[in-house]
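Here are some friendly notes to read beside the structure. They are numbered so that you can take them one at a time.

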Amino acid sequence: MNKVFHPKLVSVLKQGYSKDQFSKDLFAGIIVGIVALPLAIAFAVASGVSPEKGLITAIVAGLIVSILGGSRVQIGGPTGAFIVIVFGILQTYGLDGLLISTILAGVILIIFGLLKLGALLKFIPHPLVVGFTSGIALVIFTTQIKDALGLQLDTLPSEFIPKWGTYLANLSQVNFTALAITVVTILITVYFRKISNKIPGSFVAIIAVTAAVQIFHLPVSNIETVFGDIPQTISLTFPSVDFSQLHLYFAPALTIALLGGIESLLSAVVSDGMIGGNHRSNTELIAQGVANVVTPFFGGIPATGAIARTATNVKNGGRTPVAGVVHALTLLFIMLFFGQWAKLIPMSCLAGILIVVSYNMSEWRSFVSILKGSPFDILILLVTFLLTVLVDLTFAIEIGIVLSAMLFMKRMADAGAQPDFEIDSDVLENYADLPKGLGIYEISGPFFFASAKQYSSTLHQIGVKSEVLIIRMRHVPFIDSTGIHNLKDAIKQIRLSGTEVILSGVRSNVLKDLEKGGLFKLISREKVFSAFDQALKQAKKTMTDQKAI
């Protein structure tokens, strides 16, 4: 029986930890710490809190997630996805309300983990995730226009459309020095990787731009003019709690918990694909919960798994939670000994960094891909996107989930109304007579958001053990974009192990959706057959050709 809580760090240390791996983790952790520095500051400022709160979150939450988490390489801390939520909670409930909501969210995440609900959060439909992620990216971009243009505005509407109206009405006040700093920051952040992959462009941009502003006394606002000095200490803080008002914080807490859970598990899944590992979802949720319970007592804000920083960790050689611990300690060292210089960072420089972050978050390629697919997926995508931008993220997620369930029932009803037809042949059903090295997996039923993860996981397990894998799809009435997304990920991983993939019995409507979803960029259209005997003939030919090489 699997344990509900079993940190990866414990497993790693039990298996043995070499000096060679420590040196790789040490290097990766320092690099990720440097990458996290400007992001932690920028996320805090964009959320409406002082810069040190972002650093404290990256340090405390990052340390806890690495020590207690269920992923080998997960990096925890503040993320861009929380900017919109944190800012909204601050406006409505104040700082104490934010801290209380974060603690409650942590408790909810711990309960999710203890109840083994980690797998359920993986069932969130792909169009819904892309919709609210793209919406958050647009909102973040919008919030940064004020500092990017150097506008001196006393008040700014919180709603999306009135905010842009205010920007357009004040274009005559643009500070072109601030605008130039924003543009330079974006260019350095994006293109410095062509010079060096080891040092992050955002870190170089902050150092270079801040130095230039101080040397040439450029007239732009910085962190100090907005927030004052940055404390160089970490101390305990306790929010004042009115227990009669505690119920008010449940809705924002649930939003933080759901988004934090989805983001952390998504990050863990992505990193699994990069290192060929398997994370423990329930352990990860409990660790994220503990991090969000503890961090507010040090003045921190909500935290989750950070996909970009986790990927940076992997690319620089990090393979164990030790790298995450080093990342947190690196940030602590920087805060204690170099924190006083951070107050000089120009606000327009942070705006430039966050504009790049919002672009990277936008998932515009996935957005466009879904727009080419099923009308049902397009509806979920656009409704979630528009509600996130124009109304509220919590409302968007709630409506998105309900809409996904209703549309699934509609598709099942439509599929049930059609005569069940068989386009695959039953020439060979005795799989025991198949050649050694040939794997077969049959998918029965709709390949949709609630089943996609399980199907893909099983496909991967069978595929990596086979020379050729035939996926039979004769009983799949439809596939949604979540199914296509997971199928593509599974086929990528299977092909990395050297296994050829062949599809059999694909219905015409499913074939059309697979084509729109870009599946045939991964496998040749010639590897798709209407009948199983044709697929089997091709599989045997492929295996013979491989042996002849």
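1. Let us begin on the surface. Helix α16 gives the most to a nonpolar patch, supplying 3 residues. The members of this patch are Ile 161, Leu 371, Leu 382, Leu 386, Leu 390, Val 391, Phe 395 and Ile 399. Together they have about 670 Å² of accessible area. Please keep in mind throughout that this is a predicted model.

2. Which helices each supply at least two residues of the nonpolar patch? They are α16, covering residues 375–390, and α17, covering residues 393–417. Phe 395 is a good one to look up, as it is found in helix α17. Its relative accessibility is 35%, so Phe 395 counts as partly exposed, the buried class being reserved for values under 20%.

3. Now step back to the whole protein chain. Its secondary structure comes to 21 helices and 6 strands. The radius of gyration is 25 Å, close to the 24 Å that the globule rule gives for 549 residues, so the chain is as compact as a globular protein of that length. Along the principal axes, the C-alpha trace spans about 80 × 55 × 50 Å.

4. How much of the chain is buried? Of the 549 residues, 54% count as buried. The protein chain exposes about 23800 Å², and carbon and sulfur atoms supply 64% of that area. Among contacts with a separation of 6 or more, 84% are between residues 24 or more positions apart.

5. Next come the charged pairs. Side chains of opposite charge can pair when their charged atoms come close. In this model the count comes to 7 salt bridges. The points below visit some of them.

6. Within helix α2 (residues 19–47), look for Lys 24 and Asp 20, which lie 4 residues apart, about one turn of the helix. They form a salt bridge, with the closest N and O atoms 3.6 Å apart. Lys 24 is partly exposed at 39% relative accessibility, and Asp 20 is partly exposed too, at 47%.

7. Another salt bridge joins the side chains of Lys 146 and Asp 147, at 3.7 Å from N to O. Are these two residues buried, or partly exposed? Lys 146, at 23% relative accessibility, is partly exposed, whereas Asp 147, at 17%, is buried. The dividing value here is 20%, so the two residues fall into separate classes.

8. For a pair that links distant parts of the chain, turn to Arg 474 and Glu 442. Their side chains meet in a salt bridge of 2.6 Å, N to O. Arg 474 sits in strand β4 (residues 468–475) and Glu 442 in strand β3 (residues 438–444), and the two are 32 residues apart. Arg 474 has 8% relative accessibility and is therefore buried, while Glu 442, with a relative accessible area of 22%, is partly exposed.

9. Salt bridges can also share partners. Here, Glu 224, Asp 229 and Lys 343 are joined in this way into one network.

10. Finally, find Thr 330 in helix α13, which covers residues 321–342. Why does Thr 330 count as buried? Its relative accessibility is 13%, and the cut-off for buried is under 20%. Setting aside neighbours within four places in sequence, Thr 330 is in contact with Gly 29, Ile 30 and Gly 33.

Terms used:
Residues are numbered from 1 along each chain as its sequence is written. This is a predicted model: local features need pLDDT of at least 70, side-chain atom pairs count only at pLDDT 80 or more; totals for chains, interfaces and linings use all residues. Side-chain values use heavy atoms; hydrogens and water are left out. A salt bridge is a side-chain nitrogen of Lys or Arg within 4 Å of a carboxyl oxygen of Asp or Glu. Buried means under 20% relative accessible area, exposed over 50%, partly exposed in between (1.4 Å probe, protein chains only). Contact means heavy atoms within 4.5 Å. Patches are made of residues with over 30% relative accessible area and no salt bridge: like charges are joined within 9 Å, nonpolar side chains (Val, Leu, Ile, Met, Phe, Trp, Tyr) within 5 Å. Accessible areas come from the Shrake-Rupley method with a 1.4 Å probe; for residues, only the protein chains shown count as cover. The radius of gyration is taken over C-alpha atoms; the globule rule is 2.2 Å times the number of residues to the power 0.38.
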